[in-house]
Amino acid sequence: MNLETINAIDALLETPQRIVIIPHKNPDGDAVGSTLALWHYLNDMGQQAKVIAPNDFPKFLKWLPNNEQIINFEKDAASAKELINDATAIFTLDFNHLGRIGELQPLLEEASATFVMIDHHQEPSDYAKIMYSDVTMSSTCEMVYNLIEAHKGISYITPEIAICLYTGIMTDTGSFKYSSTSSRTHIVVASLIEKGANNTLAHSMVYDTNTPSRLHLLGCALKNMVILEEYRTAYITLSQEELDRYDFKKGDTEGFVNYGLTLEGIIFAVIFIENKDEGIIKISLRSEGDFSVNEFARAHFNGGGHNNASGGRSEKSLSETAQYFTSILPSYKDQLTK
Ligand SMILES: [Mn+2]
């Protein structure tokens with residue numbers, strides 16, 4: 001965190017602000033963990049803060065302390081609007097482009113508040129006056145830790161803040177195994193455990209929550225997996241009909257894409273999920289090593305993200321999308337097999 005950023009945040013928080021904290025749409029563990037942790041911290045500082053999420057977040061995060069105070073814009077647009085119009089500072093966490101917040105976008109574009117961005121994704125846009133953007137960070141939660149450390153010091157990390165940050169770092173690093181996990185990440189995580197984060201609880205609350213239908217859906221996904229050894233690639237398709245058959249609930253396919261990477265020799269894994277309601281195929285892409293799924297998703301699937309984890313979409317049918325995907329692999333053969 002550079003001095004200029006921390007001084008700007010310092011100056012902003014010196015006087016009482018009316019603060020709104022916003023995660024991206026379909027908030028994940030890092031988005032919910034970081035916004036809740038910051039909410040705890042700012043309220044502890046005597047600031048008036050609220051978290052407004054563009055839509056609902058997964059059930060496996062609904063145990064984090066005070067998660068019930070998060071306002072869901074889809075359910076309570078009126079109070080969200082009022083808070084945003086009235087805000088003097090808006091913190092946007094775990095995204096860097098206002099296109100990532102769905103229906104909240106126009107409200108934020110019109111807001112007169114001072115914007116603060118805390119984020120670790122690539123190519124930030126420039127809507128925020130105060131920007132803490134660092135693509136080398138494992139997670140936004142690690143960045144919130146750094147912010148607290150630089151602002152008032154880690155003695156202000158309560159057990160509530162610690163468990164929120166721990167959970168976000170855990171989920172965004174695939175339980176501390178992605179390449180973004182640094183020695184510093186482990187130091188932060190160790191410190192969070194010392195501050196009272198119950199790490200065993202976080203793992204079991206997030207990961208040991210399968211339903212029988214989700215495991216059956218996983219079975220279906222694994223059966224559908226296509227392995228293209230010559231490109232060191234594996235992909236999965238799930239049709240709407242299959243999702244319906246296994247009683248799909250939002251979040252059920254979380255993590256499925258990673259199974260491809262567990263195959264020996266496979267470094268590129270993709271899942272294509274049909275969404276009849278939206279008329280699109282949702283795509284998640286993962287890689288190991290240097291192959292950039294961020295660039296791949298930007299170039300072909302109207303998406304982006306990180307080098308080893310990105311997302312995208314397609315307006316073609318499920319089978320056409322898979323066919324198109326297979327057809328562009330030869331032009332990446334060198335990168336995939338070097
Ligand atoms: Mn993140």
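The following conversation goes through a predicted model, from its domains to its sheets, cores and two single residues.

Colleague: Into which domains is the protein divided?
Modeller: There are two of them: domain 1 covers 3-207 and domain 2 covers 212-337. Please keep in mind that this is a predicted model.

Colleague: How far apart do the C-alpha centres of domain 1 and domain 2 lie?
Modeller: The two centres are separated by 28 Å.

Colleague: And how many residues of domain 1 are in contact with domain 2?
Modeller: Seven residues of domain 1 are in contact with seven residues of domain 2. On the domain 1 side, the touching residues comprise two nonpolar, four polar and one charged.

Colleague: Which features does UniProt place on this chain?
Modeller: The unreviewed UniProt entry puts "domain: DDH" at residues 18-169. It also puts "domain: DHHA1" at residues 247-316.

Colleague: What is the helix and strand content of residues 18-169?
Modeller: That span is 36% helix and 19% strand, and its end C-alpha atoms lie 27 Å apart. For residues 247-316 the figures are 11% helix and 34% strand, with 24 Å between the end C-alpha atoms.

Colleague: Let us turn to the sheets. In what order do the strands of the parallel one run?
Modeller: Six strands make up this open sheet, in the order β3-β2-β1-β4-β5-β6, and their pairing is parallel.

Colleague: Which strands stand at its edges?
Modeller: Those are β3 (71-72) and β6 (130-133). Each has a single partner strand, so one side of each is left without a neighbour in the sheet.

Colleague: How many bridges join β2 to β3?
Modeller: Strand β2, residues 48-53, is joined to β3 by two bridges, and the two strands run parallel. One pairing there sets alanine 53 against asparagine 72 in β3.

Colleague: What about the sheet with mixed pairing?
Modeller: That open sheet also has six strands, in the order β7-β8-β9-β10-β12-β11. Its edges are β7 (226-228) and β11 (304-305), each with a single partner strand, so one side of each lacks a neighbour in the sheet.

Colleague: Is β10 in that sheet largely enclosed or left open?
Modeller: Strand β10, residues 280-287, is largely enclosed by the rest of the structure, because six of its eight residues are buried.

Colleague: With which strands does β10 pair, and in what sense?
Modeller: Strand β9, residues 268-275, pairs with β10 in the antiparallel sense over eight bridges, and alanine 269 stands opposite arginine 286 in β10. Six bridges join β10 to strand β12, residues 309-314, which is likewise antiparallel to it. In that second pairing, lysine 282 stands opposite arginine 313 in β12.

Colleague: How many residues lie between β9 and β10?
Modeller: Four residues lie between them, and the two strands form a hairpin. Glycine 279, in the turn, has a positive phi of about 65°.

Colleague: And how is β11 attached to β12?
Modeller: Two bridges join β11 to β12, and these strands run antiparallel. Glycine 304 stands opposite glycine 311 in β12.

Colleague: Changing topic: how many residues does the largest nonpolar core have?
Modeller: This core has 59 residues, and those with the most contacts inside it are Ile21, Val144, Leu165 and Tyr166. Helix α6, residues 159-172, supplies the largest share, eight residues. Apart from that core lies another of 28 residues, including Ala234, Leu243, Ile267 and Ile281.

Colleague: Why would such residues be buried together?
Modeller: In soluble globular proteins, nonpolar side chains tend to be buried together.

Colleague: What is leucine 165 in contact with?
Modeller: Neighbours within four places in sequence aside, leucine 165 is in contact with Gly33, Ala37, Cys141, Val144, Tyr145 and Leu192.

Colleague: Where is glycine 251?
Modeller: Glycine 251 lies in the loop between α10 (240-245) and β9. It counts as partly exposed, with 17 C-beta neighbours inside 10 Å.

Colleague: Which residues is glycine 251 in contact with, leaving aside neighbours within four places in sequence?
Modeller: Those residues are Pro58 and Lys59. Phenylalanine 60 is 191 residues from glycine 251 in sequence, with 9.0 Å from C-alpha to C-alpha.

Colleague: Finally, is lysine 223 buried or exposed?
Modeller: Lysine 223 is exposed, because 9 other C-beta atoms lie within 10 Å and a residue counts as exposed at 12 or fewer. Lysine 223 belongs to helix α9, residues 212-224. Its C-alpha atom is separated by 9.6 Å from that of threonine 237, 14 residues away along the chain.

Note on methods: Residues numbered from 1 in each chain as written. Predicted model: local features only at pLDDT ≥ 70, side-chain atom pairs only at ≥ 80, totals over all residues. UniProt positions renumbered as here; feature names shortened; annotations may be inferred. Buried ≥ 20, exposed ≤ 12 C-beta atoms within 10 Å, placed from the backbone. Pairing = 2+ DSSP bridges. Core = buried A, V, L, I, M, F, W, Y, C linked by C-beta atoms within 7 Å. Contact = placed C-beta atoms within 7 Å. Domains from an automatic or database assignment. Nonpolar A, V, L, I, M, F, W, Y, C, P; charged D, E, K, R; others polar.
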